[in-house]
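Ready for some practice in reading a protein model? Grab a pencil, open the viewer and try each task before you peek at its solution.

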Amino acid sequence: MTIQWFPGHMAKARRQVTEKLKLIDIVFELVDARIPMSSRNPMIDEIVSSKPRIVLLNKADKADDAITKQWLEFFKEKGIPALAIDAQTGTGLKQITALSKVLLKEKFDKMASKGIKPRAIRALIIGIPNVGKSTLINRLAKKNITKTGDRPGVTTAQQWVKVGQELELLDTPGILWPKFEDQLVGFKLATTGAIKDAILNLQEVTVFALNFLKEHYPKRLMGRFHLDELPDEVVPLFDEIGKKRGCIMPGGYIDYDKTSELVLREIRADKLGRLSFETPKQFIEQ
Ligand code: G4P
């Protein structure tokens with residue numbers, strides 16, 4: 001993550017989103033399908049409460065399909081409209097306009113009954129850094145809009161980008177901070193690559209990731225690193241992976257930093273397959 005979020009930045013980011021909300025009919029809240037709760041802004045419900053919202057589970061191509069289905073079911077049960085999408089290839093994007101029309105039918109019917117000329121639906125994309133906001137705007141707009149960068153302090157003139165005839169997007173997304181005061185959330189964000197490694201201790205993130213994989217995806221972990229069995233403790237597991245991949249320092253010691261970089265790089269590059277790092281069940285239990 002390129003922003004250091006200080007209280008002043010947060011207040012400013014919130015103000016900017018609130019200003020943008022005045023211009024639009026609907027919010028598209030982008031979350032990471034692998035960690036739909038950890039990749040949300042902790043105050044999002046309150047911040048966007050004045051507008052209808054669709055939760056878009058982005059990067060669904062990287063997430064465990066079965067768990068994404070559980071999340072879609074979870075949101076459905078809560079009455080929150082949600083779609084699984086892949087902003088990079090465009091999978092699932094067609095449904096966004098269709099669902100927006102359904103959610104805004106009453107508003108637009110009312111406008112029509114008052115004689116107001118029909119217009120396109122106006123939407124704002126909101127999400128934490130790196131969740132895919134720019135990618136989604138570019139994909140929907142079918143052109144390359146210059147990335148403004150994750151700078152909550154930067155104000156630019158608002159412009160609309162057309163998505164077909166029926167939808168218009170604000171070209172600059174709303175950027176909000178994640179819930180990084182929660183350590184587990186931080187580990188999940190770091191494991192999926194949403195936050196820069198330097199912010200968190202790489203070895204601690206890897207310990208989290210290996211423990212998680214050991215519990216939830218043991219076969220994938222064993223397969224990827226050619227392990228015959230999984231040790232109960234995480235340190236011997238770390239050692240075994242380091243040894244297998246030649247992450248050894250002079251004197252024969254395991255290079256834990258190098259092993260950590262390797263493990264995280266491979267997880268993020270989907271070398272262990274499509275992974276999800278939280279489920280609705282875990283979220284409810286917490
Ligand atoms: P942001 O505006 O919310 O900050 O995010 P941005 O669009 O820049 O996307 C962050 C990274 O996520 C980009 O990778 C982008 O290609 C990738 N991405 C966005 N949507 C999807 C998706 O649906 N599926 C997949 N697989 N990737 C997606 P990047 O430029 O390579 O950056 P990074 O991965 O090195 O951070």
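Below are four exercises with worked solutions, all based on a predicted model.

**Exercise 1. Find out which residues sit closest to the ligand, and what kinds of residue make up its shell.**

Step 1: Start with the head count: the ligand has 17 residues around it, and the closest are Asp61, Gln88, Lys133, Ser134 and Thr135.

Step 2: Sort the shell by type, and you get 7 charged, 6 polar and 4 nonpolar residues.

Step 3: Now look for the element that gives the largest share. That's helix 6 (residues 133-141), with 3 residues of the shell.

**Exercise 2. Track down polar atoms of Asp86, Ala87 and Lys133 that lie within 3.5 Å of a ligand oxygen.**

Step 1: Try Lys133, where a polar side-chain atom is 2.7 Å from an oxygen atom of the ligand.

Step 2: Move to Ala87. Here a polar backbone atom is the partner, 2.8 Å from a ligand oxygen.

Step 3: Check Asp86, which has a polar side-chain atom 2.9 Å from an oxygen atom of the ligand.

Step 4: Finish with the surface: on its own the ligand exposes 710 Å², and the protein buries 68% of that.

**Exercise 3. Decide whether Leu272 and Val163 are buried or exposed, and say what each one touches.**

Step 1: Locate Leu272 in the loop between helix 11 (256-268) and helix 12 (280-285).

Step 2: Use the cut-off: a residue is buried under 20% relative accessible area. Leu272 has 4%, so it counts as buried.

Step 3: Skip residues up to four places away in sequence, and Leu272 touches Leu213, Arg220, Leu221, Arg224, Phe225, Glu266 and Ile267.

Step 4: Do the same for Val163, which belongs to strand 5 (residues 160-163). Its relative accessibility is 12%, so Val163 is buried.

Step 5: With neighbours within four places set aside, the contacts of Val163 are Leu140 and Leu169.

**Exercise 4. Work out how many residues the largest nonpolar core has, and which have the most contacts inside it.**

Step 1: Count the members: this core has 68 residues, and Phe28, Leu56, Leu136 and Leu169 have the most contacts inside it.

Step 2: Ask which element gives the most to this core: helix 8 (residues 202-216), with 7 residues.

Step 3: Zoom in on Leu56. Beyond its neighbours within four places, Leu56 contacts Phe28, Glu29, Leu30, Val31, Leu83, Ile85, Ile96 and Leu136.

Step 4: Don't miss the other core, which lies apart and has 16 residues, including Met10, Val17, Val48 and Ile126.

How values were computed:
Residues are numbered from 1 along each chain as its sequence is written. This is a predicted model: local features need pLDDT of at least 70, side-chain atom pairs count only at pLDDT 80 or more; totals for chains, interfaces and linings use all residues. Side-chain values use heavy atoms; hydrogens and water are left out. A residue is near a molecule or strand if one of its heavy atoms lies within 4 Å of it. A polar contact is a pair of N or O atoms within 3.5 Å; within protein, one must be able to donate a hydrogen and the other to accept it, and residues adjacent in sequence count only if both atoms are side-chain atoms. Accessible areas come from the Shrake-Rupley method with a 1.4 Å probe; for residues, only the protein chains shown count as cover. Helices (H or I, at least four residues) and strands (E, at least two) are DSSP runs, numbered from the N terminus. Ala, Val, Leu, Ile, Met, Phe, Trp, Tyr, Cys and Pro count as nonpolar, Asp, Glu, Lys and Arg as charged, and the others, Gly among them, as polar. Buried means under 20% relative accessible area, exposed over 50%, partly exposed in between (1.4 Å probe, protein chains only). Contact means heavy atoms within 4.5 Å. A nonpolar core is a set of buried Ala, Val, Leu, Ile, Met, Phe, Trp, Tyr and Cys residues joined through side-chain atoms within 4.5 Å.
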